[in-house]
Amino acid sequence: MTDSARLVIATRRSELALWQANHVAALLRELHDGLEVELLPLVTQGDRVLDRPLAQIGGKGLFLKELETALLDGRADLAVHSMKDVPVVETEGLPVDTVLQRANPFDGLLGRTADRLAGLASGARVGTSSLRRQCQLRALRPDLEIADLRGNINTRIGRLDAGDYDAIVLACAGLERLGLQQRVTEVLAAPDWLPAPTQGTIGVQRRADDGSAARLLAPLQHPETAAVTRVERTIARRLEGSCQVPLAVFARFEGDHLAVDALVGSPDGRRVLRCTASGAPSDADRVASEVAGDLLDQGAREIISALSESAAH
Ligand SMILES: NCc1[nH]cc(CCC(=O)O)c1CC(=O)O
């Protein structure tokens, strides 16, 4: 078909984003004989502003806007994202409804002065700007110093190697994609440490009315990943609303049932609410709503409103 002989994929320019877009491009070329796939690398507002916390400058949407504009303009047919950077309220008409099989969902500690979190000296400096990682670090090790650290993966590792931090925390999936998994000195795995909702999952966005793109993407869809993505994003939607909250969620299939661990906490780690639930895959929506409801009943609302007040100042 002539209308589907060429696809343009909008992507951010970071090394990780380009790897992910190239990965999707290669899969599409492999699946569809003769299909031409090109990348359109773009700089987003989120990449430009590195000196202020994400929550203050407008949140995760800043990484998407330029890519979405390219989709709406017709300059691109698809946009490839890390699902965890896609806001839970999706842009009307631009569904991110194709997900690849999830890679390693967990965070990893990259230790310089000790390999393990438990081995870091009191007062050691750990770099992360994520409220979720700060909350879990402080809950486990209130004696550490947490310092801001933004920028792409190589920038963050560069600052660790320069001696600015004793350790940093990054997603294993991103490191694996860049061939840097050997830098992880401790995998921070569930249930002791929980990842961000959908961490490790690549999502593909398209125009809702683009049937040709939908048809080309269909064979990329990984149904189990789609099911846990839906559960994790449903929980995040109920809890996050519009502001950035220290929320961690990990849903997965265990045998024939769906299991979920979730956590909401204060960034200082003093309050940590946890919930575990499971159910039949056909009950996924009920399990998600049970988890969100339980965290709200335990007091998640108080934590969230305290955060939105401090963000407003
Ligand atoms: N927020 C940046 C971001 N978005 C996705 C990943 C990793 C890859 C993934 O989760 O799929 C990362 C880097 C990190 O958190 O270490």
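Which residue in strand 13 is the bridge partner of alanine 262? The partner is cysteine 275. This is a predicted model. The domain assignment divides the protein into domain 1 (2-100 + 202-221), domain 2 (107-188) and domain 3 (232-312). A ligand shell draws at least three residues from each of domain 1 and domain 2.

**Strand 12 and strand 13**

- Strand 12 (residues 257-265) pairs with strand 13 (residues 272-279) in the antiparallel sense. Their pairing runs over 8 bridges.
- The hairpin of these two strands has 6 residues between the strands. In that hairpin, glycine 269 has a positive phi near 75°.

**Strand 3 and its partners**

- Strand 3 (residues 78-82) is mostly covered, with 5 of its 5 residues buried.
- Both faces of strand 3 are covered. Leu78, Val80 and Ser82 lie on one side. Ala79 and His81 lie on the other.
- Strand 1 (residues 6-12) runs parallel to strand 3, and 2 bridges join them. Isoleucine 9 stands opposite leucine 78 of strand 3.
- Strand 10 (residues 202-206) runs antiparallel to strand 3, and 5 bridges join this pair. Serine 82 has isoleucine 202 of strand 10 as its bridge partner.

**Ligand shell**

- Ser82 of strand 3 is buried and is also one of the residues around the ligand.
- The rest of the shell is Lys84, Asp85, Ile153, Leu170, Ala171, Ala173, Gly174, Gln199, Gly200 and Thr201.
- Two elements give two or more residues to this shell: strand 8 (167-171) and helix 7 (172-177).
- By residue class, the shell divides into 4 nonpolar, 5 polar and 2 charged.

**Helix 4**

- Helix 4 (residues 65-73) has Leu67, Glu68, Ala70 and Leu71 buried.
- Seen down the helix axis, the buried residues of helix 4 fall within an arc of 155°, so they line one face of the helix.
- The cover over these buried residues includes strand 1, strand 2 (36-42), strand 3 and strand 10.
- Glycine 74 follows helix 4, and its phi is positive, near 85°.

**Helix 5**

- Helix 5 (residues 131-140) is largely enclosed by the rest of the structure, because 8 of its 10 residues are buried.
- Its buried residues include the arginines Arg132, Arg133 and Arg138. Leu131, Gln134, Cys135, Gln136 and Leu137 are buried as well.

**Domain 2 and domain 3**

- The C-alpha centres of domain 2 and domain 3 lie 24 Å apart.
- Contact between them involves 9 residues of domain 2 and 10 residues of domain 3.
- On the domain 2 side, the touching residues divide into 5 nonpolar, 2 polar and 2 charged.

**The loop between strand 9 and strand 10**

- Most residues other than glycine have a negative phi, and most peptide bonds are trans.
- Proline 191 is in the loop between strand 9 (186-188) and strand 10. A cis peptide bond joins alanine 190 to proline 191, with omega about 5°.
- Threonine 198 is found in the loop between strand 9 and strand 10. Phi of threonine 198 is positive, near 65°.
- Is threonine 198 buried or exposed? Threonine 198 is buried, because 29 other C-beta atoms lie within 10 Å and the cut-off for buried is 20 or more.

**Exposed sites and long separations**

- Aspartate 148 sits in the loop between strand 7 (145-147) and helix 6 (153-161). Aspartate 148 has 11 other C-beta atoms within 10 Å, so it is exposed under the cut-off of 12 or fewer.
- Aspartate 148 and valine 8 are 140 residues apart along the chain. Their C-alpha atoms are separated by 36 Å.
- Glutamate 30 lies in helix 1 (residues 15-31). Glutamate 30 is exposed, with 10 other C-beta atoms within 10 Å.
- Glutamate 30 and glutamate 145 are 115 residues apart along the chain. Between their C-alpha atoms the separation is 48 Å.

Notes
Residues numbered from 1 in each chain as written. Predicted model: local features only at pLDDT ≥ 70, side-chain atom pairs only at ≥ 80, totals over all residues. Helix = DSSP H or I, 4+ residues; strand = E, 2+ residues; numbered from the N terminus. Pairing = 2+ DSSP bridges. Near = placed C-beta within 6 Å. Nonpolar A, V, L, I, M, F, W, Y, C, P; charged D, E, K, R; others polar. Domains from an automatic or database assignment. Contact = placed C-beta atoms within 7 Å. Arc of directions from axis to C-beta.
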